[in-house]
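User: I would like to learn how to read the packing and pairing in a structure. Can we work through one case together?

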Amino acid sequence: MALRFSKMHGLGNDFVVVDCRARPFILDAAAIRRLGDRHFGVGFDQLLTVETARDPDCAFAYGIWNTDGTPSGQCGNGLRCIARWLARDGALGEGATRLESPSGPVQVELLADGHVRADMGEPRFAPERIPFLAEEEADRYAVDVVGRDVEIGAVSMGNPHAVVEVSDAAAAPVAVLGPQIEHSPSFPQGCNVGFAQIVARDAIRLRVWERGVGETLACGSGACAAVAVLRRRGLVDADVRVGLPGGELRVRWEGPGHPLWMSGPASFVFEGEYDV
């Protein structure tokens, strides 16, 4: 059977998008891993499915799977790609549109410059909402990593994130600390790990080790998580430019009680068919 797909990316964070509105998604974890293999398959950071909404207040739903076949609760770059895909299909009009993500409703809006603006919801810091194992909520936690403590911030943007402040993102030990923190017992479901360098009150640099994927060129939810943690600590302003290896995102969060907004590009690469 031929699986039709669109290849897309958001700042180099790349996706395979599959239309599942007319028929259900049938690939199991092993098949997703084969499709995601960059040598023997198509290759992607995440697989995205466009689905019929189950929530009557949402126009469409979407699903997210990592390269290792595991499901994900949210993906900011993927959300923007879903919006652009729906717009090209003629299914997304002007103004804000409500979509059903695996972790709940979100809103997207097409901007005049071709970028997509997304309401990522309010960051969740309560440990049980992340989930993160801690006796009480705090701005900073010490996580044991191979016998030494690493200071992190913990937050959920629909998926769990650890944020590590660093003096130089380019020199951060992402490949070493990333997987160690991802699999820390403190995160029962694993986590994405962001290494954030503050450049100014309105700018940071960021590298992200994604749960079930590895380091990616960009991570939308990771950018949101980093700004949320740093904003809560009073280290950045409401509007922040987030520089990632693949390009720049804009994140705005006014603080507790307000949703966090992210904007950035989403691009088509090619269309194809894959023999399942």
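**Reading contacts in a predicted model**

Analyst: Start with a charge over a ring: the charged end of Arg232 sits over the ring of Phe125, 4.2 Å from its centre. Keep in mind that this is a predicted model.

User: Which ring does the charged end of Arg117 sit over?

Analyst: The ring of Trp261. The distance to the ring centre is 3.8 Å.

User: Now the interior. What is the general idea behind a nonpolar core?

Analyst: In soluble globular proteins, nonpolar side chains tend to be buried together. Here the largest nonpolar core holds 51 residues. Leu99 and Val242 touch the most other members. Helix α4, residues 220–232, gives the most to this core, with eight residues.

User: Which residues is Val242 in contact with, leaving aside neighbours within four places in sequence?

Analyst: Ile204, Leu206, Ala223, Val227, Gly247, Glu248, Leu249 and Val251. A second, separate core has 21 residues. Its members include Ile130, Tyr141, Val174 and Ile181.

User: Leu99 came up as well. Which residue stands opposite Leu99 in β5?

Analyst: Phe60. The strands β4 and β5 run parallel, and two bridges join them. Strand β5 covers residues 97–101 and is mostly covered, with four of its five residues buried.

User: How many bridges pair β5 with β6, and in which sense, parallel or antiparallel?

Analyst: Five bridges, in the antiparallel sense. Strand β6 spans residues 104–110. A hairpin of two residues connects β5 to β6. For one bridge, look at Glu100: its partner in β6 is Pro105.

User: Next, aromatic pairs. How should I describe one?

Analyst: A pair of aromatic rings is described by the distance of the centres and the angle of the planes. A search of the whole structure finds five aromatic pairs here. Take Phe5 and Phe270: 6.0 Å centre to centre, with 75° between the planes, an edge-to-face pair.

User: Why does the pair of Phe5 and Phe270 tie together parts that are 265 residues apart in sequence?

Analyst: Because Phe5 lies in strand β1 (residues 2–10), while Phe270 lies in strand β17 (residues 267–275).

User: Are Phe5 and Phe270 buried or partly exposed?

Analyst: One of each. Phe5 is buried, with a relative accessible area of 6%. Phe270 is partly exposed, at 37%.

User: What about the rings of Phe25 and Trp65: stacked, tilted or edge-to-face?

Analyst: Tilted, because their planes meet at 40°, and a stacked pair would need planes under 30 degrees apart, an edge-to-face pair over 60. The ring centres are 4.8 Å apart. This pair also links distant parts of the chain, 40 residues apart. Phe25 is in the loop between β2 (13–19) and α1 (29–36). Trp65 is in strand β4, residues 60–66.

User: Which residues do ring pairs link into a cluster?

Analyst: Phe132, Tyr141 and Phe187. You have met Tyr141 before, in the second core.

User: Last topic, salt bridges. How many are there?

Analyst: The count comes to 21. To read one, name the two side chains, then give the N to O distance. Asp19 and Arg21 meet at 2.9 Å, N to O. Asp19 is partly exposed, with a relative accessible area of 33%. Arg21 is partly exposed too, at 25%.

User: Which residue does Arg38 form a salt bridge with?

Analyst: Asp45, with the closest N and O atoms 3.2 Å apart. Check the burial of each end. Asp45 counts as buried at 7% relative accessibility. Arg38 is partly exposed, at 48%. These two residues also belong to a network of salt bridges that links Lys7, Asp14, Arg38 and Asp45.

User: And where do Asp237 and Arg201 lie?

Analyst: Both lie in loops. Asp237 is in the loop between α4 and β14 (239–244). Arg201 is in the loop between β11 (192–200) and β12 (203–210). They are 36 residues apart, and the pair links distant parts of the chain. Their closest N and O atoms are 2.8 Å apart. Asp237 counts as partly exposed at 30% relative accessibility, and Arg201 is partly exposed at 40%.

Definitions and conventions: Residues are numbered from 1 along each chain as its sequence is written. This is a predicted model: local features need pLDDT of at least 70, side-chain atom pairs count only at pLDDT 80 or more; totals for chains, interfaces and linings use all residues. Side-chain values use heavy atoms; hydrogens and water are left out. A nonpolar core is a set of buried Ala, Val, Leu, Ile, Met, Phe, Trp, Tyr and Cys residues joined through side-chain atoms within 4.5 Å. Buried means under 20% relative accessible area, exposed over 50%, partly exposed in between (1.4 Å probe, protein chains only). Contact means heavy atoms within 4.5 Å. Rings of Phe, Tyr and Trp (its six-membered ring) pair if their centres lie within 6.5 Å; planes under 30 degrees apart count as stacked, over 60 as edge-to-face and the rest as tilted. A charge sits over a ring if NZ of Lys or CZ of Arg is within 6 Å of the ring centre and within 35 degrees of the ring normal. Two strands pair if DSSP finds at least two bridges between them. A salt bridge is a side-chain nitrogen of Lys or Arg within 4 Å of a carboxyl oxygen of Asp or Glu.
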